[in-house]
Amino acid sequence: MAIKLSKKLFRKVDDENPFSLKINFKEKLIVILLFASASAAIVISAAIIYTLAEGSVDFFTDPAVNIINFLSGKEWIPSGKNPSFGIISLLSGTILIAGGALIIGAPLGVAAAIFLTEFAGEKLRALIKPIIEVLAGIPSIVYGFFALMFISPILRDFFDATYFNAASAIIVIAIMLLPIVISISDDAMKAVPQHLRESSYALGATRWETAIKVVMPAASSGIIASILLGLARAIGETMVVVLAAGSVARLTLNPFEETMTMSAYIAKVATGDIPPGVAVSAGFAVGLVLFIITYLINTLAARVVLQIKTGSSYKIIRSKKGKKKSFNIILTKLTTIKEIIIGIAGKTKIFILRNLIRVKKQKRLSLKKRYFRQKIGITLVGGSIVFATVFLAILLGNILTEGIGGLNLSFLTSFPSRFPEKAGILPVIMGSIYLMILTLIFAAPLGVGAAVYLNEFAKDTRYTRFLRRIIQNLAGVPSIVFGLMGLTIFVRIFGFGPSLLSGSLTLTIMVLPIIVVATEESLRAVPNSFREAARGIGSTDWQTVRYHVLPNATPGILTGIILSLSRAIGETAPILFIAAVFAKTIPSNIFDGFLALPTQIFYWTTQPKAEFHIIAASTIIILLIILLVMNTFAIIIRYKAQVKRKW
Amino acid sequence: MSSSKKTQNPEPIKIKKVDVFYGSNHAIIDVSMDIKQKSVTAFIGPSGCGKSTLLRCFNRMNDEIIGCRTEGEIIWNNINILDKKVDPVPLRRRVGMVFQKPNPFPKSIYDNIAYGPRIQGVNDRKTLDSIVRKCLKDAALFEEVGDRLDESAMDLSGGQQQRLCIARALAIEPEIILMDEPCSALDPIATAKIEDLIDKLKKKYTVIIVTHNMQQAARVSDYTGFFYLGKLIEFGETKQIFEKPVEKLTENYMTGRFG
């Protein structure tokens, strides 16, 4: 780029020749800036890897640490006389919670997606979609509060669970996974060509049979990708686990006991519950492991998604010889078992067994029975949507009833206090607003610039593909890892300290991929004929983008920015390292410390006194109202643009 | 022609004053005709004349299109199959359909054919094996793919895929087979194979075929209906339609005087 530019700078302009290349320095500079903002993703990724590597090196070079012990040890005791760092117990906690959440969440999500694509119809779809968007928009700290304050007591009453327990986190994370699983499965099933459904109907299949036996298998790779992405999300989830599952690492598969995950340990480091020294650098080593695991899962999922986009997924389903063989073996075994059982049971009540074991069915299924199955099936998949809706209603209802009493003018205008009845959240609200403004200032130009470069200027080179992959990977990094990075890079190396600046820069990095994806999507929606028309009348590349593409993509870009900011304002984990514990004053400049709404909710929820839980719920209400206002703005912009749009 | 077997043939399928609307678009206008069973009837006409729409009435596929409305009667075995009280699911089991583009399911060859019987509860492997074998033979595909039934149907050639779709339709043991331009996506060799197959099928089945290709209609069908702008212009024995059309419009179309 730079070499090309200098060559052109020294080229003489020939006034006689009307087609001579005039150097437009401004335009070149703009393209370079756009290129730089896209390339920022590489710097960010490098910074994350540096952060994790540096901390891990500190950790593994410590005399108290032994790498074999780290990988195979079963005890995780970070403090005390004889610290022990065996990641197996953290891994088992992570597997218990993420696996448990997936076992509940994946079937629910896939079922809901089946209902949505195959049975809901236009109107019902328009009603259900917003519910799923609300589920996706609720910050994880709110889910965590709900897990600890509502789900956990129920489990304590009915299952003799401990105060902190894995099960409450599992249930809530399962619900948090739904939006991811539903939206990606839904996309995959919608992409199944209509003619496959038609040929199934033409063979006399019911809608249910078509959905289960044709649509679902044809969309299987997309469904698998959705589950993988859900798994990565569950593994990286931090706040719910920290609040509800506890902080004692132990090797257990009992969901009613306390347990700790990898992300939860990092969060413990952030909140200062861990003695400085090797226990803190252990957080970075755990972060590295967490990063690698989620990276692998996300890469796998991305590969599956790519196969769907290129259409090769239909070709993957090849011969299943191996499968069938084993299936036949199972079948023959089942038949022998059946014979034995029948021998034993004699002639008594064999029909019960017939339902349990696959028996040769020579008779055709009656239509009545097939419709009955359809009815049951639709009830089940529809039920999963009802379940999600009821869950959402209980969650919102619970928080409203808990927190409404704490809401009054003095709560909004006072400072936090050690006494719940005097506490207020004025500096916290201001902290969140400042944080959001700064994030907007940093993230919007960077993200939009990167997307404009990738979509309008970049050629399909290796470098561009690399950039795209890096941005995609950034989107999948667990938020707590961004926290580690912000701590090392901004707070320590740049010397910004635990300030608004460090916090907003960290959030910028977190929301960057969201803005890039949203912007690219709306740029792609601008028809190519606009660009061709602009070039056809002699516009330069930048003029084309500036006057013909960007204006038409603005509503979409604005919506994306607002939604990503609403994500930023609700995030807790990345700024847990940076935010203050107690806000005495309203921050007056960017180097001041701050406290944001989600971090304040976190600290009040972890207080033992129940009065603090009430004001935590009140703060959640404020946070949800802010999110509601922002999302309403985004919807209004989107709607107005749709009405105005003439293409 | 099949006139010699008249005694064993059941009543013809009676189409009485059928109208089809897509929203405000009147796609089929007052069509009445009798379709003889165990013979091949071709619907011909220019694009958009409604021939496919009428074909899709026979297995109520138009029900799947939002905003599509059908009036009139199609009487088959004394039942009006357009009646709202007739459930399209069991109807479609007796009316197979082959689509314009070969559309096998992304499953193995075996599973494609076994799909229809399976949804009706046939689970026994031996029964399924014999159904698959028989249908592949009937669709003249067994020799080509008999040794690789476990392979994906997506790996077959276009002509093989289309014959697989015919075999899949045969597996549900239909009485009527609808073919919506079954050869339009195929090369001449594959087309010849399908046409041979249609000729064999009419011994057991009532075949209704929509085609753009007039030579094909002349080659494979016993009766031909010519449609224009949603109306049935002329209907009769294929020989008569092609050699001595009554209507001027039909003659113009046959001789290529309009497209």
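This passage describes the fold of chain A, its domains and core, and the contact between chains A and B in a predicted model.

Chain A is largely a matter of helices in its secondary-structure count, with 26 helices and two strands. Of its 647 residues, 46% count as buried. Among the contacts in chain A with a separation of 6 or more, 78% are between residues 24 or more positions apart.

Three domains are assigned in chain A: domain 1 spans residues 92-317, domain 2 spans 322-360 and domain 3 spans 406-647. The centres of domain 1 and domain 3 of chain A, taken over C-alpha atoms, are separated by 23 Å. The contact between these two domains involves 27 residues of domain 1 and 27 residues of domain 3. On the side of domain 1 of chain A that touches domain 3, two or more residues each come from α6 (140-159), α10 (220-236), α11 (239-244), α12 (262-270) and α13 (278-309) of chain A. Helix α13(A) provides the largest share of this side, nine residues. By residue class, this side of domain 1 consists of 17 nonpolar and ten polar residues, with no charged residues.

The largest nonpolar core contains 264 residues, and those with the most contacts inside it are A:A112, A:A169, A:V172 and A:I173. The helix that gives the most to this core is α7 of chain A (residues 166-190), which contributes 18 residues. Both domain 1 (92-317) and domain 3 (406-647) of chain A give residues to the core, so the core lies between them. The surroundings of one of the residues with the most contacts inside the core can be listed individually: leaving aside residues up to four places away in sequence, A:V172 touches A:Y143, A:F146, A:A147, A:I151, A:V240 and A:A244.

The contact between the chains takes 30 residues from chain A and 31 residues from chain B. On the side of chain B that touches chain A, at least two residues each are supplied by α2 (88-94), β6 (95-98), α3 (109-119) and α6 (158-170) of chain B. Of the elements of chain B, α2(B) gives the most to this side, with four residues. The residues on this side of chain B comprise 13 nonpolar, nine polar and nine charged. Charged residues are thus present on the side of chain B that touches chain A, whereas the side of domain 1 of chain A that touches domain 3 has none.

Notes
Residues are numbered from 1 along each chain as its sequence is written. Chains are lettered from A and ligands numbered from 1 in the order in which they are written. This is a predicted model: local features need pLDDT of at least 70, side-chain atom pairs count only at pLDDT 80 or more; totals for chains, interfaces and linings use all residues. A nonpolar core is a set of buried Ala, Val, Leu, Ile, Met, Phe, Trp, Tyr and Cys residues joined through C-beta atoms within 7 Å. A residue is buried if 20 or more other C-beta atoms lie within 10 Å of its own, exposed if 12 or fewer, and partly exposed in between; C-beta atoms are placed from the backbone. Domain bounds come from an automatic or database domain assignment. Two residues are in contact if their C-beta atoms, placed from the backbone, lie within 7 Å. Ala, Val, Leu, Ile, Met, Phe, Trp, Tyr, Cys and Pro count as nonpolar, Asp, Glu, Lys and Arg as charged, and the others, Gly among them, as polar.
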